[in-house]
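These are my notebook entries on a structure that I had not opened before. I looked up how its parts pair and pack, and I wrote down what I found.

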Amino acid sequence: MSKKHILVAEDDLHIRNGLVALLQAEGYETFVAKDGEEAVKRACERQPDLILLDIMMPKKSGYDACTEIRRSYPRIPVIMLTAKGEEIDKVLGLGLGADDYITKPFGTRELLARLAAVLRRCAAQPPSEGAAQEAFTIGAATIDPVRYEVRVGKTAEPLSDKELKLITHLHRHANQVLSRDALLNAVWGIDYLGSTRTLDQHIAQIRKKLGDSASAIQTVHGVGYRLL
């Protein structure tokens with residue numbers, strides 16, 4: 001089995017070297033970026049199996065770097081590294097498409113467990129799974145799974161891999177009430193270690209991109225969501 005390649009984007013030299021040493025000891029291949037601009041460049045050049053992306057970096061923030069990478073490579077998984085007090089709402093995905101986040105300081109076991117879980121989910125869901133191959137509509141919005149975008153009139157908004165899988169799953173089960181746990185299991189996998197807040201933030205972003213058709217996704221309080 002070939003080694004997984006991890007991009008470590010972290011401006012703090014000691015943290016960066018520590019992450020590299022830890023990951024290499026676990027059998028991963030690593031390469032690094034010292035700022036946000038370099039992270040985008042290295043990600044596009046190497047297309048790693050996963051990116052560890054610090055939020056607060058010089059030249060380009062982790063938020064901006066993640067957004068830029070997602071435009072070209074929506075299926076590369078990203079784990080955001082965040083310090084306490086940073087805006088967790090953004091870390092959870094607000095338009096970024098991040099797959100998970102870890103708050104500093106973090107333990108090595110937690111980091112390795114989350115990283116392995118994200119890689120397993122990606123391996124279990126190849127590009128052809130979980131996403132429709134033909135475009136479909138929700139109200140006045142058209143979802144294009146090939147282009148990873150939602151179009152409303154002449155406006156097109158990009159969809160992250162998780163957003164596409166989530167809206168596709170809801171569409172396939174239209175008019176059914178789906179619990180938060182069921183949606184997390186279907187899109188993030190049964191070994192997902194995060195909270196349901198991640199799901200709620202992704203739903204919020206999808207609604208924003210659907211425009212006037214956002215009301216088609218109904219919140220069923222205390223349960224989950226339903227696509228009308």
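**Entry 1: strands S6 to S9**

I began with one residue and noted that Arg151 stands opposite Ala156 in S9. I record at the outset that this is a predicted model.

I then looked up the strands around this pair. S8 and strand S9, the latter covering residues 155–158, pair in the antiparallel sense over 4 bridges. Their hairpin leaves 2 residues between the strands, and within this hairpin Gly153 takes a positive phi near 65°.

Which residue in S8 is the bridge partner of Thr142? I found that Arg151 is that partner. Arg151 thus appears twice in my notes, once opposite Ala156 in S9 and once as the bridge partner of Thr142.

I next went over the pairing of S7 with S8. Strand S7 spans residues 141–144 and strand S8 spans residues 149–152, and the two pair in the antiparallel sense over 4 bridges. I also noted Glu149 in S8 as the bridge partner of Asp144. In this hairpin 4 residues lie between the strands, and Tyr148 takes a positive phi near 55°.

I went back along the chain to strand S6, residues 136–138, which runs antiparallel to S7 and is joined to S7 by 3 bridges. For Phe136, I noted Ile143 in S7 as the bridge partner. The hairpin of S6 and S7 has 2 residues between the strands, and Gly139 there takes a positive phi near 60°.

**Entry 2: helices H2 and H3**

I turned to the helices. Two packed helices are described by the angle between their axes and the distance between the axes.

For helix H2 (residues 36–46) and helix H3 (residues 62–72), I noted a packing angle of about 20° and axes 9 Å apart. H2 and H3 are therefore roughly parallel to each other, since angles under 35 degrees count as such. Their crossing is right-handed.

Which residues of H2 and H3 meet? On the H2 side I listed Gly36, Ala39, Val40 and Ala43, and on the H3 side Ala65, Glu68 and Ile69. Sorted by class, this contact of H2 with H3 has 5 nonpolar, 1 polar and 1 charged residues.

**Entry 3: helices H7 and H8**

I looked up a second helix pair. Helix H7, residues 180–187, packs with H8 at an angle of about 85°, and the axes are 10 Å apart. This angle makes H7 roughly perpendicular to H8, because the range from 65 to 115 degrees counts as roughly perpendicular. From H7 the contact takes in Arg180, Asp181, Leu183 and Leu184, and from H8 it takes in Thr196, Leu199 and Asp200. By class I noted 3 nonpolar, 1 polar and 3 charged residues for H7 with H8.

**Entry 4: the sheet of S10, S11 and S12**

I followed H8 to the strands it meets. Helix H8 (residues 196–210) lies across S11 and S12 and runs at about 150° to S11.

In what order do the 3 strands of this open sheet stand? I read the order as S10-S12-S11, with antiparallel pairing. Strand S10 (178–179) and strand S11 (217–220) stand at the edges with a single partner strand each, so one side of each is left without a neighbour in the sheet. S11 and strand S12, residues 224–227, pair in the antiparallel sense over 4 bridges. Here I noted Leu227 in S12 as the bridge partner of Ile217.

**Entry 5: Lys3**

I then examined one residue in the segment before strand S1 (5–9), namely Lys3. Is Lys3 buried, partly exposed or exposed? Its relative accessibility is 47%, so I entered Lys3 as partly exposed.

The C-alpha atoms of Lys3 and Gly27 are separated by 6.8 Å, although the two residues are 24 residues apart along the chain. Leaving aside residues up to four places away in sequence, I found that Lys3 touches Gly27, Glu29 and Asp49.

**Entry 6: the protein as a whole**

I closed with the totals. The secondary structure of the protein comes to 8 helices and 12 strands. Of its 228 residues, 49% are buried. Among contacts with a separation of 6 or more, I noted that 57% are between residues 24 or more positions apart.

How values were computed:
Residues are numbered from 1 along each chain as its sequence is written. This is a predicted model: local features need pLDDT of at least 70, side-chain atom pairs count only at pLDDT 80 or more; totals for chains, interfaces and linings use all residues. Side-chain values use heavy atoms; hydrogens and water are left out. Two strands pair if DSSP finds at least two bridges between them. Axes are lines fitted to C-alpha atoms, for helices over the stretch in contact, and angles run from 0 to 180 degrees between N-to-C directions. Angles under 35 degrees count as roughly parallel, over 145 as roughly antiparallel, 65 to 115 as roughly perpendicular and the rest as oblique. A crossing is left-handed if the near helix is turned anticlockwise from the far one by less than a right angle, and right-handed if clockwise. Contact means heavy atoms within 4.5 Å. Ala, Val, Leu, Ile, Met, Phe, Trp, Tyr, Cys and Pro count as nonpolar, Asp, Glu, Lys and Arg as charged, and the others, Gly among them, as polar. Buried means under 20% relative accessible area, exposed over 50%, partly exposed in between (1.4 Å probe, protein chains only).
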